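Biologist: Hey, walk me through this one, please. I'd like to start with how the helices pack.

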Amino acid sequence: MTRRKYVVGNWKMNGLIAALDEAKAIFAAAEAHSSVDVALCPPFTLIGAMVAAAPGAAVGGQDCHASASGAFTGSVAAPMLADAGASLVIVGHSERREGFDESDADVRAKAEAALAAGLSVILCVGEPRAVRESGGAIAYVLAQVAGSLPGDFDPARLAIAYEPIWAIGTGLVPTVADVADMHGAIRAKLGEQAGSDAARVMRILYGGSVNGENAAELLGAGDVDGALVGGASLTAAKFAPIVEAAASL
Ligand code: PGA
């Protein structure tokens with residue numbers, strides 16, 4: 001089965017209304033590459049405005065609460081994202097797992113809430129540097145997959161993003177062989193947990209210091225179906241070459 005390439009920009013805590021021009025330029029550039037699915041995940045405050053500025057484009061959140069509503073000051077629920085026009089959400093990013101103490105069970109609950117709200121999900125996993133150096137990266141990441149994967153889901157609406165923590169925002173990237181090994185191991189684990197048909201459909205993205213120069217090599221690695229991009233997703237000049245690289249594969 002051929003999985004469509006998927007390139008997703010994670011703007012993190014960056015972007016004011018003025019940045020919508022970049023978003024429009026990114027989606028315009030993406031239109032030239034119809035073989036690639038492109039999405040942007042801006043801060044909550046820009047979701048509605050970005051959907052209005054780029055009708056039909058895939059816009060997502062960077063997190064959601066596990067409850068559909070309630071007394072959770074400062075949080076945003078999955079149905080609210082959908083209501084604002086979002087079609088996807090990132091859950092389990094390492095900056096949330098580490099900075100907000102999110103456990104695998106929390107991430108799973110968020111993913112389930114997002115799916116129930118009709119959103120697609122990008123579920124992030126990835127090891128810290130010490131774990132990579134000790135040789136335990138694959139076991140660590142597979143445990144995260146096991147603990148965070150929803151019990152029952154439509155495989156077309158759930159992607160995994162493998163993002164080694166030490167590669168995020170650092171300019172460091174794993175070797176292509178290490179990426180291929182990890183993605184192959186994740187796909188085998190998905191097969192065990194969700195069945196081989198689901199594992200064939202599910203996309204596994206690589207994230208961590210992806211840029212226009214390294215994208216073709218990283219996205220060309222075995223079992224890599226796309227990229228989750230932070231820093232290089234903030235401008236069309238940096239992001240469009242990554243989409244082009246995905247289209248060229
Ligand atoms: P980066 O971030 O591309 O800036 O390394 C990736 C991410 O955190 O999703």
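Modeller: Sure: α5 passes α7 in a right-handed crossing (the near helix is turned clockwise from the far one by less than a right angle). Helices here are DSSP runs of H or I, at least four residues, numbered from the N terminus. This is a predicted model, where local features need pLDDT of at least 70 and side-chain atom pairs 80 or more, while totals for chains, interfaces and linings use all residues. Residues count from 1 along each chain, and side-chain values use heavy atoms, without hydrogens and water.

Biologist: At what angle do α5 and α7 pack?

Modeller: Helix α5 (residues 104–116) and helix α7 (residues 137–148) pack at about 50°, with axes 7 Å apart. That makes α5 oblique to α7 (neither under 35, over 145 nor 65 to 115 degrees).

Biologist: And how do α1 and α11 pack?

Modeller: Helix α1 (residues 20–31) and helix α11 (residues 236–247) have axes 9 Å apart, at an angle of about 20°. So α1 and α11 are roughly parallel to each other. α1 passes α11 in a right-handed crossing, too.

Biologist: New topic: which residues come nearest to the ligand?

Modeller: Lys-12, His-93, Glu-163, Gly-169 and Ser-209, out of 13 around the ligand (a heavy atom within 4 Å).

Biologist: What does the side chain of His-93 do there?

Modeller: One of its N or O atoms sits 2.7 Å from a ligand oxygen. A backbone N or O atom of Ser-209 is also 2.7 Å from a ligand oxygen. For a polar backbone atom of Gly-231, the distance to a ligand oxygen is 2.8 Å.

Biologist: How much of the ligand's area does the protein bury?

Modeller: 95% of the 280 Å² that the ligand exposes when taken alone (Shrake-Rupley, 1.4 Å probe).

Note on methods
Polar contact = N/O pair within 3.5 Å; in protein donor to acceptor, adjacent residues only side chain to side chain. Axes fitted to C-alpha atoms, helices over the stretch in contact; angles between N-to-C directions. Helix = DSSP H or I, 4+ residues; strand = E, 2+ residues; numbered from the N terminus.
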